[in-house]
Amino acid sequence: MELERHEYDVVVVGAGGAGLRAAIAAHEAGARTAVVCKSLLGKAHTVMAEGGIAAAMANAYPEDNWRVHFRDTMRGGKMLNHWRMAQLHAQEAPDRVRELEDWGALFDRTPDGLISQRDFGGHRYARLAHVGDRTGLELIRTLQQRTVALGIDVYMECTVTRLLTGRGAGAADDAADGVGVTGAFGYWRESGRFVAWQAPSVVLATGGIGKSYKVTSNSWEYTGDGHSLALQAGATLVNMEFVQFHPTGMVWPPSVRGILVTESVRGDGGVLKNSAGNRFMFDYIPDFFRKETAETEDEADRWYDDKKNNRRPPELLPRDEVARAINSEVKAGRGTPHGGVFLDIASRRPADYIRKRLPSMYHQFKELAEVDITAEAMEVGPTCHYVMGGVEVDPDDEAARVPGLFAAGEVAGGMHGSNRLGGNSLSDLLVFGRRAGLAAAEHARGRVDRAPLPDEALADAARAALAPFEREGGENPYTVQQDLQQTMHDLVGIIRTAPEMEQALERIAALKERVANLSVEGHRQYNPGWHLALDLPHMLRVSECIARAALERQESRGGHTRDDHPTPDAEWARTNLVCSLAPDGSVALTRQPLPQMPPELAEIFEESA
Amino acid sequence: MSYDATFRVWRGDAAGGDLQTFTVPVNEGEVVLDVVHRLQATQAGDLAVRWNCKAGKCGSCSAEVNGRPRLMCMTRMSTFGEDETVTITPLRTFPVVRDLVTDVSFNYDKAAQIPPFTPRARDADGNHRMQQVDVERPQEFRKCIECWLCQDTCHVIRDHEDNKRAFAGPRFLIRLAELDMHPLDVVDRKHAAQDEFGLGYCNITKCCSEVCPEGIHLTDNGIIPLKERVVDRRYDPLTWLGSKIGRRPRR
């Protein structure tokens with residue numbers, strides 16, 4: 001078999017914020033490091049993040065500090081977050097933002113020249129460092145330029161299809177049987193040729209799963225590869241039932257349905273209205289947040305300028321609350337002509353302010369929907385945006401249960417509990433990307449004798465990758481993908497019931513059969529049909545995890561709403577669901593007690609709101 | 001609402017290829033990329049095309065639509081008549097890999113040659129301080145989504161393969177301008193701009209600014225000011241004398 005081979009200390013899979021930050025950290029720690037990514041460098045999904053990076057830098061409000069950020073994050077996640085991750089995240093985010101400036105990032109400024117911070121849902125103080133509404137682009141470009149300046153090897157347009165594991169990876173301190181990561185196998189998209197990396201440490205930074213849903217803000221890359229590769233290598237996934245539907249995606253025209261409308265529109269003064277012109281969010285304030293949410297429109301409007309004496313507008317409740325409210329309004333027949341609600345900033349802020357603060361949104365609506373957001377309201381509705389669940393990792397070093405395997409960013413689980421606050425994703429990438437990179441470098445340092453990649457495993461990976469070409473007359477992969485997207489949209493979406501999820505699991509089983517029999521046309525050179533055929537098994541495996549965990553959790557919490565179990569449950573508040581792969585390839589679920597928060601952190605929640 | 005459109009799409013590889021004609025349904029509100037995806041899903045499963053965000057933010061789906069460099073995700077079908085044939089070809093400045101995918105490694109090579117950002121020290125309290133008005137000038141260039149449409153349209157390299165060695169293209173000239181305007185950066189790249197990245201090749205025809213999907217004024221706000229500062233530096237007699245008698249470093 002023709003195979004290109006490489007040796008590294010650390011291989012990072014994924015070149016978004018988490019992957020690049022991990023690679024920088026590993027390189028700076030002295031590890032020979034490679035980044036492998038499915039797209040060109042700089043195109044990762046991080047580029048689509050708009051609003052900002054949450055960090056309690058206290059540039060706008062001196063009262064802000066990591067304890068307040070920690071509290072907001074935990075409450076936003078309905079207390080299901082891993083407390084240690086939420087703590088590290090809140091403590092380290094400010095330094096991670098500051099160091100971006102040393103690498104060339106140019107954030108918007110306060111009048112005294114510091115990094116400006118904006119308001120966002122669920123955050124008590126204005127704390128999102130931002131660049132207009134294109135913060136993700138700034139983040140990715142800064143990390144990309146740093147990666148290039150350091151001379152880190154980047155394998156662009158290269159897809160990893162297998163993680164390789166084996167015994168005797170030169171480890172003294174590994175699990176008793178000495179099984180650990182030995183490398184990865186993949187193919188160049190451009191040529192279809194195979195490539196293998198021998199490495200004792202692999203960092204997964206592959207992002208999310210949104211492409212399994214019909215209406216999503218996610219790009220084609222979000223096929224859950226990292227989640228699935230981790231499962232196959234013997235690692236576990238946690239919190240997979242929690243999928244975030246961002247409340248504001250575009251709804252019209254149909255071809256742009258799902259494209260993100262940043263939360264900054266609301267942070268900067270925009271409000272949600274139904275077809276009767278009412279600010280309906282006042283009708284959907286849950287008891288959990290009542291004490292900190294404004295009761296009247298007047299109070300809400302005063303809050304933008306005076307946060308001390310007023311409470312937050314209900315439009316800035318955490319995303320799960322707002323998405324459910326929009327869903328209910330539309331169901332009750334108070335939606336817009338195209339099945340959304342109105343998001344209005346035009347009547348509330350001057351046109352110049354809107355163009356200055358929200359240039360991409362202005363451009364996006366003007367170009368794609370012929371709507372001038374400085375003059376009229378936008379139509380918006382929920383869109384699949386983010387998976388809270390992911391690889392179960394140690395909070396301090398992001399190590400998965402398989403020695404040598406690390407995960408950071410959206411592919412990792414635990415940090416955001418049942419619902420992520422806006423702005424906490426970019427900071428998550430930076431904080432845990434760095435930690436994963438450092439730990440991966442450290443892990444590699446202890447492994448002097450590198451386990452060779454076994455020929456059988458490489459041959460098997462190659463055979464599996466070429467299988468779709470061997471079959472003739474089978475179904476086309478695009479049809480199977482559309483059917484999966486429809487299934488997840490209809491049956492495991494924003495509002496869930498047991499019979500629907502059981503039906504989803506049946507359909508997923510049938511889709512697995514279809515994937516095993518599909519065939520692709522053409523040859524191996526840059527063939528998107530073939531690439532999709534290889535992504536589909538990942539998408540199905542991850543969809544099964546979501547559906548099984550969602551069926552099991554009989555309560556409603558954060559990004560998991562059960563019509564048949566509409567309230568939170570005290571027992572489930574102490575329980576995590578963990579997915580692993582059974583020997584027969586099916587998904588197995590186990591219940592696991594939630595890690596206990598130490599008393600000095602628990603105190604923070606007893607202080608007055 | 002729906003109609004059948006005629007699409008001509010270039011298919012082939014480095015060895016050659018030609019335009020193939022397809023009849024494909026188009027729905028209300030769609031963009032060219034939607035139609036290309038429909039072709040993939042229904043008629044040409046192996047049609048090679050790059051794309052990611054489908055929202056004009058990542059700069060992946062660049063191609064030439066009816067001869068004009070465009071992002072396919074931001075080109076609405078309503079800009080064409082229903083009986084108008086839409087022709088899609090790959091970016092001409094770069095070698096074809098397959099179908100609409102080109103080898104854009106030229107850009108990544110040039111990016112790696114630019115002397116990296118080098119900041120001054122932080123203030124005593126650990127912060128950098130900059131005024132909004134000072135960050136706004138370089139911020140305009142940091143809006144760049146690296147779609148390479150400016151590189152594609154620039155006549156210096158579009159049909160002159162030989163110039164690629166000496167000329168980095170508009171994208172990297174504004175990168176140099178951005179670093180030059182960056183309030184924190186301490187490296188002088190003006191000589192490099194002229195000698196290594198070919199600033200002098202640009203004769204400010206502004207084609208790059210015309211095709212930029214981000215509306216960046218590459219020529220007026222980036223390249224021309226950079227040219228002016230290079231001239232200041234190289235042809236100012238005092239600076240020249242200083243560099244000759246060694247009292248001022250050349251770079």
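Me: Are H14(A) and H15(A) roughly parallel or roughly antiparallel to each other?

Reply: Two packed helices are described by the angle between their axes and the distance between the axes. H14(A) and H15(A) are roughly antiparallel (angles over 145 degrees). Helix H14 (residues 477–491) and helix H15 (residues 498–517) of chain A pack at about 170°, with axes 10 Å apart. Axes are lines fitted to C-alpha atoms over the stretch in contact, and angles run from 0 to 180 degrees between N-to-C directions. Helices are DSSP runs of H or I with at least four residues, strands E runs of at least two. This is a predicted model, in which local features need pLDDT of at least 70 and side-chain atom pairs 80 or more, while totals for chains, interfaces and linings use all residues. Residues are numbered from 1 along each chain as written, and chains are lettered from A and ligands numbered from 1 in the order written.

Me: Which residues make the contact of H14(A) with H15(A)?

Reply: Contact requires C-beta atoms, placed from the backbone, within 7 Å. Among them are Val480(A), Leu484(A) and Leu491(A) of H14(A), and Met501(A), Ile508(A) and Leu511(A) of H15(A).

Me: Which strands stand at the edges of the open sheet of four strands?

Reply: Strands of a sheet pair through backbone hydrogen bonds, either parallel or antiparallel. Here the order is S13-S16-S15-S14 (chain A), with antiparallel pairing (at least two DSSP bridges between two strands). Strands S13 (243–250) and S14 (271–273) of chain A each have a single partner strand, so one side of each lacks a neighbour in the sheet. The twist averages 45° from one strand to the next. Six bridges join S13(A) to S16 (residues 378–387) of chain A, and Met250(A) has Val380(A) as its bridge partner in S16(A).

Notes
Angles under 35 degrees count as roughly parallel, over 145 as roughly antiparallel, 65 to 115 as roughly perpendicular and the rest as oblique. Two residues are in contact if their C-beta atoms, placed from the backbone, lie within 7 Å.
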